[in-house]
Amino acid sequence: MNMMNTTSGIKIQKFSPNLGAIITDVDLSKGVNDDQFKDIEKAFLEYQVLFFQNQNEITPELHLKFGKLFGELHMHPAAPSMNGYPEIFEIHAHKDSKVANGEFWHSDVSCDITPPLGTMLQLHILPETGGDTMFSNMYEAYNELSNKYKTLLDGLIAIHESEHLYKGRYDDRGVNKDDIKTPAAKHPLIRTHPITGKKAIYVNRTFTTGIEGMSKYESSSILEFLFNHCEHVNFQIRYRWNKNDMAFWDNRCTMHRAIWDYWPNERKGRRVTIKGDKPI
Ligand code: SIN
């Protein structure tokens with residue numbers, strides 16, 4: 001087993017050759033100390049998505065506190081928040097749900113001018129089977145392009161929108177349609193991670209609707225190629241959740257997709273996102 005020990009005592013085990021790590025020997029319900037934080041931050045940048053296992057349910061307060069260690073929190077522009085906790089998005093699908101969150105490949109809220117750096121999701125209610133989440137490595141997707149295609153993409157600006165997605169989406173969850181925002185933004189199609197300095201493809205099927213300065217036909221042929229390329233199985237992992245696992249993913253260099261294959265069963269948890277920089 002490729003278990004790595006750290007100075008803080010947390011254990012890190014690579015999840016797959018291309019992406020992810022499992023983190024154990026840290027109890028998030030007790031909070032994290034400075035040394036644990038440093039090891040978690042380092043692992044986050046290296047593995048892009050972390051899965052904290054053997055966890056207890058953490059309180060909303062501690063969840064928010066854990067998120068704030070990485071930066072200011074992000075507020076979702078449209079999704080229902082937990083009562084009394086505007087920065088917590090309750091992920092919940094059950095027999096009466098019309099939609100489940102994140103069913104198509106995306107990087108969270110990429111339609112925002114400053115989209116989230118990372119997302120922390122802890123699931124408390126799981127279906128007996130199913131409800132996995134898939135993640136895809138956008139550094140690898142970039143690296144696998146030919147130099148000629150990289151040159152074509154260099155300097156292109158992608159358009160990200162949300163009205164088509166958010167309008168009416170959460171009506172059945174008590175969200176008043178006048179209270180939602182439907183942001184749109186333009187971001188470099190290839191972004192450079194502000195800390196690792198690595199390049200990643202930054203477009204996704206959920207939010208990206210066009211490329212600046214190109215006709216609909218030109219941009220849709222490039223985007224369709226990139227969506228399919230980024231969703232290639234070689235860049236992916238598929239995570240099967242245990243109750244109270246916490247996943248923490250880097251939206252700047254990964255995409256994800258939640259699989260709603262468990263209807264009419266229930267799946268529920270809490271999600272905290274951390275504000276990121278304007279993509280460069
Ligand atoms: C999401 O945040 O996109 C949902 C992820 C999940 O429910 O697994």
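**The ligand site and its surroundings in a predicted model**

I would like to begin at the ligand, where a polar side-chain atom of R271 lies 2.6 Å from an oxygen atom of the ligand. Taken alone, the ligand exposes 260 Å², and the protein buries 100% of that area. Please keep in mind throughout that what we are looking at is a predicted model.

Staying with the ligand, two further polar approaches can be pointed out, since T133 brings a side-chain N or O atom to 2.6 Å from an oxygen atom of the ligand, and H106 places a polar side-chain atom 3.0 Å from an oxygen atom of the ligand. If you want to select the whole surrounding set on your screen, the residues around the ligand are I91, N101, G102, H106, D108, L121, T133, W249, H256, A258, R267 and R271.

W249 in that list takes us on to T254, because W249 is among the residues that T254 touches when neighbours within four places in sequence are left aside, the others being L19, Q48, S107, S136 and M138, and because T254 counts as buried at 2% relative accessibility, the cut-off being under 20%. T254 belongs to strand β17, which covers residues 254-258, and its side chain reaches the backbone oxygen of D250 at 2.6 Å.

Following the chain onward from β17, we come to the loop between β17 and β18, the latter spanning 267-274, and P264 is found in this loop. What is the peptide bond from W263 to P264, cis or trans? It is cis, with omega near 10°, and the background to keep in mind is that most peptide bonds are trans.

Let me turn now to the start of the chain, where strand β1, residues 3-5, and strand β2, residues 11-14, pair in the antiparallel sense over three bridges, with M4 having I12 as its bridge partner in β2. The hairpin of β1 and β2 has five residues between the strands, and G9 in this hairpin takes a positive phi near 100°. From there β2 goes on to join β3 through four bridges, again with the two strands running antiparallel, and the bridge partner of K14 in β3 is A21. This second hairpin has six residues between its strands, and G20 in the turn has a positive phi of about 90°.

Those two residues are glycines, so which residue other than glycine shows a positive phi of near 65°? That is D25, which lies in the loop between β3, residues 21-24, and α1, residues 34-47, and which counts as partly exposed because its relative accessibility is 47%. N54 also has a positive phi, of about 60°, although it is not a glycine, and its place is the loop between β4, residues 49-52, and α2, residues 60-68. N54 counts as exposed because its relative accessibility is 66%, where the cut-off is over 50%. As a reminder of the general background, most residues other than glycine have a negative phi.

The two helices that follow those loops each offer one residue to look at. In helix α1 there is Q36, which counts as buried at 12% relative accessibility, and which, with neighbours within four places in sequence left aside, is in contact with S8, I10, V26 and G31. In helix α2 there is G67, which is buried with a relative accessible area of 0%. Leaving aside its neighbours within four places in sequence, G67 contacts L73, M120, V272 and I274, whereas W241, which is 174 residues away from G67 in sequence, stands 20 Å from it in space, C-alpha to C-alpha.

I will finish with a sheet elsewhere in the model, an open one of three strands in the order β11-β10-β14, with antiparallel pairing. Why is one side of β11 and of β14 left without a neighbour in the sheet? The reason is that β11 (185-188) and β14 (208-211) stand at the edges, each with a single partner strand. Neighbouring strands of this sheet are turned by 35° against each other on average, direction ignored. Strand β10, residues 157-160, pairs with β14 in the antiparallel sense over three bridges, and within that pairing A158 has I211 of β14 as its bridge partner.

Conventions:
Residues numbered from 1 in each chain as written. Predicted model: local features only at pLDDT ≥ 70, side-chain atom pairs only at ≥ 80, totals over all residues. Heavy atoms only, no water. Buried < 20%, exposed > 50% of the residue type's maximum accessible area, 1.4 Å probe, protein only. Polar contact = N/O pair within 3.5 Å; in protein donor to acceptor, adjacent residues only side chain to side chain. Contact = heavy atoms within 4.5 Å. Pairing = 2+ DSSP bridges. Axes fitted to C-alpha atoms, helices over the stretch in contact; angles between N-to-C directions. Near = heavy atom within 4 Å. Areas by Shrake-Rupley, 256 points an atom, 1.4 Å probe, with all protein chains shown as cover.
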